[in-house]
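Here is a friendly walk through the structure shown below. Have it open beside you as you read.

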Amino acid sequence: MKPTAKFIFVTGGVVSSVGKGIAVASIGRILKSRGQTVSVQKLDPYLNVDPGTMSPYQHGEVFVTADGCETDLDLGHYERFIDVELSRDCNVTAGDIYSSVIAKERRGDYLGGTTQVIPHVTNEIRGRILNLAEKSHADVIIVEVGGTVGDIEGLPFLEAIRQMRNEVGKDDVLYVHVTYLPYIMATRELKTKPTQHSVKELRSIGIQPDVILCRSDYEIPESARAKIALFCDVKPEAVIPLETAENIYEVPSTLEEANFGEQVIESLRLQALSTDLVDWRIMVEKMTEEHDPLPIAVVGKYVDLHDSYISVRESLQHAGIHHERAVELTWISAEDLEQDGWEQGLAGASGIVVPGGFGERGIEGMVRAARYAREFEIPYLGLCLGMQIMVIEFARSVFGTNEANSTEFDLETPYPVIALMPGQREVDGMGGTMRLGNYPCDLVAETRAGNAYNASTVAERHRHRYEFNNQYREQLSDAGLTPSGLSPDGALVEIAELRDHPFMVGTQFHPEFRSRPNRPHPLFGAFIGSAKGVLREGGQHKLPIT
Ligand code: GLN
């Protein structure tokens, strides 16, 4: 059956890392602001079945959907910009496609035929796209193909989206190509040739782009647009300049100003309302206002690549806007805190965040950061691993020994305050063996967390194996570590916080996946609210304002 949805396919040309994901997210926001329902899918041509097992250094953050899928970080942009909840159907990798095709071949589904890239792999890809259209009931499905045109592994995906034009009809499909215009210093000009080549490559596969979004770090002159239009055979108004924005949330307005929204509505014949980006624009204006700086230290293992903590960074910024503070992040490598003079890095911070992570490297540095936050009463937010670190540090001080630990880092510890739960111990293998996605959490009234949420139950996203060990719950609670969020059966500590501290809260889940620019996450909001009251100067300890 022909789907009722319309499709926008977005490909990339010239180079990667030019913000194709943000462009896609912005297209989604524009359409939503014109009354359309939108869903988004990322097609990733790599052979990993999902990005869950990839190092954050390779691929940045792993974004977790509410239904527990480990996905590409672009899904985070889509959720934040469009304010939609995406699902496992929204991220498809070549590894995932090939596993399905091979499983079908083994089952004999192809009736003895030769299994081939075309049609079997391309059919599988098209099936996934149509499946999302059917399940989401969205008016528009935006599909982003990862990588750039010309990548060998991307070919089956490009072929599949080419076939979609015939499958659903050419009036229901729009091809958008995102390219990059390099700037040549010597002649002071932007070059269009790589874009021309990239479009030529795309056309050799049978895809003629309808719209070309030109990314550039410099102003794009009219002549460059005209040249691209002529050589690439698109309407001049469909060559949209997308100069590097100071703030990524400006991109939807930039696209609207270039009349992109109108063009999409017209081409796809959508029953759209006129655009309403007013609230969005007000929000962006608020972001650009001058505010007092608020220095926040993020102590982690993968700090060299800030994309590893992209949702954490965004959540802190969202909360900063809400509290009218310019959050200034200092990224501190946890291992650096294991060296002499380690306090220096934390000396100026009004708040400390320890985000999620895996493995032993840097753990002792993170424990130092937690100790520092506890002793100097600096607001602390621990996210998953950061919560476990906070528990370990507190237990070490209560038990008077550095041996308290998580069994992830020390299997023989006499105080396994963080451990695998019974029933989890037999699990081996790396992919998909964690507690993933939404789980309910009951909040304890009159706690920092309970007050921040102002709700009795919330659902939050998880991605971890280890848990707070209940054997120590009573003892640590008596000593001042309050379990302020529990699974509804009371069996799992989901949030822990220090009773005698302005704000030291750790969550077993990842609240950063739910923050929105116009709706900061309550815990990030409360953390920044508390950090706002901490004035630091050089190495000075806190000077409470109130
Ligand atoms: N490594 C820890 C665990 O598996 C924490 C995971 C995380 O921070 N996402 O439980």
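## A tour of the model

Aspartate 44 is part of strand 2, which spans residues 38-44; strands (E, at least two residues) and helices (H or I, at least four) are DSSP runs, numbered from the N terminus. Before going further, please note that this is a predicted model, in which local features need pLDDT of at least 70 and side-chain atom pairs count only at pLDDT 80 or more, while totals for chains, interfaces and linings use all residues. Residues are numbered from 1 along each chain as its sequence is written, and side-chain values use heavy atoms, with hydrogens and water left out.

Is aspartate 44 buried or exposed? Aspartate 44 counts as buried because its relative accessibility is 4%; buried means under 20% relative accessible area, exposed over 50%, and partly exposed in between (1.4 Å probe, protein chains only). Its side chain makes a polar contact of 3.2 Å with the side chain of lysine 42. A polar contact is a pair of N or O atoms within 3.5 Å; within protein, one must be able to donate a hydrogen and the other to accept it, and residues adjacent in sequence count only if both atoms are side-chain atoms. Beyond its neighbours within four places in sequence, aspartate 44 is in contact (heavy atoms within 4.5 Å) with residues including Asp72, Asn91 and Phe157.

Glutamate 290 sits in the loop between helix 11 and strand 12 (293-300) and is exposed, with a relative accessible area of 78%.

### How the two domains meet

The domain assignment gives domain 1 (8-283) and domain 2 (291-531); such bounds come from an automatic or database assignment. Their C-alpha centres lie 34 Å apart, and the contact takes 24 residues from domain 1 and 30 residues from domain 2.

The size of an interface is often given as the accessible area lost when the parts come together. Here, about 2300 Å² is buried between domain 1 and domain 2, with carbon and sulfur atoms giving 55%; buried area is the accessible area (1.4 Å probe) that two parts lose on being put together, summed over both. Tyr57, Val64 and Arg80 supply 29% of the area that domain 1 buries against domain 2, more than any other three residues.

How many salt bridges cross the interface of domain 1 and domain 2? The rule finds six, a salt bridge being a side-chain nitrogen of Lys or Arg within 4 Å of a carboxyl oxygen of Asp or Glu. In addition, 14 residue pairs between domain 1 and domain 2 are in polar contact, both residues at pLDDT 80 or more.

### Salt bridges up close

The whole structure holds 37 salt bridges. A few of them are listed here.

| Residue pair | Closest N to O distance |
|---|---|
| Arginine 519 and aspartate 83 | 2.4 Å |
| Aspartate 67 and arginine 88 | 3.8 Å |
| Lysine 191 and glutamate 189 | 3.0 Å |
| Glutamate 222 and arginine 225 | 3.6 Å |

Arg519 and Asp83 also belong to a salt-bridge network that includes Glu79 and Arg461.

Glutamate 222 and arginine 225 are separated by about one helical turn because they are three residues apart in helix 8 (residues 222-232). Glutamate 222 counts as exposed at 55% relative accessibility, whereas arginine 225 counts as buried at 17%.
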